Amino acid sequence: MKSKTVKKSIPNRYLDLEQWQTDRRKFLRGALLAGAMTQIGLFPSCSTKLKEGNDLLTAEQATILNDVLNIFFPNDGNGPDAEDINAFGYVMWVLHDTLNRKIEDNAYILVGLNWADETAQEIYFSPFVELSQEQKEALVGKFTELDWGKNWSSMIITLILEALVLDPIYGGNKNEAGWNWLNHTPGFPRPTEENRYERIMEKQMKLVK
Amino acid sequence: MADFDCDICIVGSGAGAGPIIYELSRAGYKVVVLEKGPWLKTADFTKDEMTATRRDAYTPNLEEERHIVVKKSSSGNWTEKNTADGGSDLWNGSCVGGSSNFMSAYFHRMKPNDFQLYSKYGPIDGANIVDWPIKYDDLEPYYAKVEKVIGVSGKVVDHKHQEPRSTPDYPHPPLTTNIVADWFVEGGKKEGWNIVPAARGIISEPKDDRRACYHSNYCGSYGCSSDAKASSRAALINKALETGNCDIRPLSKVYHIATNGQNEIVKAHYYDADDNKQSVTAKIFVVACQAVETSRLLLMSKNEEFPNGLANNSGQVGKNLLFAGGGAGSGYIRFDSLSEEDRKKFDVPLTFVNQALIDFYEIDDPEFGGKAKGGTIDFLIEHSNPMPKVFRSKYKNGTLLYGSDLKENLQDYFTKQKRVRYEVFCDWLPNDDCNVSLDENVTDKWGDPVGKVKLGYHEQNLKVGNFLANKGMTVLKNIGAIKVTKSITGNPPTNLMAGGCRFGDDPKNSVLNANCQAHEVNNLYVTDGSFMPTGGSVPYTFTIYANAFRVADHLIERLGKEA
């Protein structure tokens, strides 16, 4: 079964900038009165099941990342989804890759997760993790159009595509699900523990002489 | 020998260095090779996109070793960009064997007229065109030697610009190709054009300790796992090591070459793997660290004798840098446009095409006012490595895709079609706006000034490139490709560089003499592509190899006389 991407929309009131600003001011005023301004995002709803946090991501960040990956690469009956290719696990490998020379990209991933949560607060007055699936899809779709969100979305999609077609030794492409789906024949020899990227980079960086 | 650490010290180990290392070691001379990169062995090379292209583990860290690139913006102003800030860089392989490990190895010879571009086609305003100080006949025996020693596969099929050969054919038969190779030939015939096999520096049968190509389909940008690709490392350095005369010192970055006040080098100074300062003495020094870094090293090697840099009292070092002119284009052959039989033959994991259109190496067209220098068109299938393909699937009509739309686009790209390509090679005309100098502000991690590379191009590159690209597009359309495009720009392919230390007979406007010996420094030779005053309309590696074998003969003769 295949289904087209159904572009969910954010509520109409946010397309009207003036109305949106009014709503936002109301929200902020309410939050201030409740004394909760500094705690926004810090107390997820008990009803929301959060993905387990880890040494780099809070439970909220991990949940947002997982949700975003699954929206960008969904289970729609056509090939593997983000779970099938272990996109989350692959992104975690990327975040732990200390030899990556573009390490600032990793910080950008995290900043984007926080932006995602802030945008959820601004538009829905609710932490991202507490949104309905429909709201999450609408919001993530909007990220691809927003100034800050375009580049971040592109980067996350690149990570998904890497998880789809790079060698499974880096955590993605689980059971070669990406290659199988795309009828792709990998090049041989494939990397082993002895000559995977980190081992070569260590030689290039003179960490191993 | 007692007065020297070795007979010959070579800076760099790529295509310009390999023949010197190989020939001098085998002739019994003691050779020391200073290579800035690590010594990666065949077992280190896999078909891992993460290593080769996503993380660029074969090149230096741009935060530590960058270049300043100067380009003309769309508004016409020259603007500087630091390569550490993103975009393409100017490194092509920092390891033993250099970028020859990662070449695609299209081995076209230059044609006789390429050696006399000025005499044959005359001047072009704004271009510093000169004839070479040697002729095709001087280099022909060395092209033949390269074919035999490092192993070149192909088949000579006559065409109107076929260069004279001393051997009837290549020593190794052509590599197996995809069925589309035949279609390209037929596509050319429809126009009366003669598309012929292109030779490759890849062996199609075993040779010595090297195994035949096994068609991994991950070739350009990837190291070879069977040593079939004729890298300097696999084809030459490994053989040189067997002599016991060759000392390879990896992770050794040369930063200064010192002279004695009498036009002779006495030492090459370098940082070792621990960044300690070391030096080597030798009778003769050869610099071959690819065009940009070769000019940079000479410019960095200033002293009282050479206040503008080694061998640069003429002011010519770094001038007339070359890249390959031209560009590329592509189209798509949809599987549903083919018969079931053709589809089965076409849709196989075999990406070699190895066909080229050389009929337009010389253009005779009113648009060019008569005869003009043209170039080569190679035909290809998109490489197998999937990341470029997924990037092409990421957008549709400029819109970032996600969700089911993205998945459908990916599936269509990978399973319903193949992208066929052509690459155009024409002369990158030498000009005053394409050169290497030292940046006055930016330094590398050792505190040495980085190379500042100005990338000006001549409009003629685009004119010829577009002329040839139109021929390539016609062929693609003739074989049923759709969405056929061309991209001819002034942006240089940074993996194809030459010039900067051009050779010539006049010391006032060249750095090297006909033997690639510096006019101003008795024991300095430059044997990478830097020597080329013009580069022909083909990739440079074959000619760099051939010329380095030629210089090696000269060096053996010289050392023999001086013994």
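Among the elements of chain A, helix α1 (residues 17–33) has the lowest mean pLDDT, 47, and helix α7 (residues 177–181) the highest, 98; pLDDT is the predictor's confidence in each residue, from 0 to 100. This is a predicted model, in which local features need pLDDT of at least 70, side-chain atom pairs count only at pLDDT 80 or more, and totals for chains, interfaces and linings use all residues. Residues are numbered from 1 along each chain as its sequence is written, while chains are lettered from A and ligands numbered from 1 in the order in which they are written.

**Confidence in chain A**
- The average pLDDT of chain A is 84, and 77% of its residues score at least 70.
- Over residues 27–46 of chain A, pLDDT stays under 50.

**Fold of chain A**
- Chain A has eight helices and zero strands, where helices (H or I, at least four residues) and strands (E, at least two) are DSSP runs numbered from the N terminus.
- Of its 209 residues, 37% are buried, meaning that 20 or more other C-beta atoms, placed from the backbone, lie within 10 Å of the residue's own.

**Nonpolar core**
- The largest nonpolar core (buried Ala, Val, Leu, Ile, Met, Phe, Trp, Tyr and Cys residues joined through C-beta atoms within 7 Å) has 214 residues, and I160(A), I8(B), I10(B), I21(B) and V286(B) have the most contacts inside it.

**Hairpin in chain B**
- Strands β20 (residues 434–443) and β21 (residues 449–455) of chain B run antiparallel and are joined by six bridges; pairing requires at least two DSSP bridges.
- S437(B) has K452(B) in β21(B) as its bridge partner.
- Five residues lie between the strands of this hairpin, in which G447(B) takes a positive phi near 90 degrees.

Key:
A residue is buried if 20 or more other C-beta atoms lie within 10 Å of its own, exposed if 12 or fewer, and partly exposed in between; C-beta atoms are placed from the backbone. Two residues are in contact if their C-beta atoms, placed from the backbone, lie within 7 Å.
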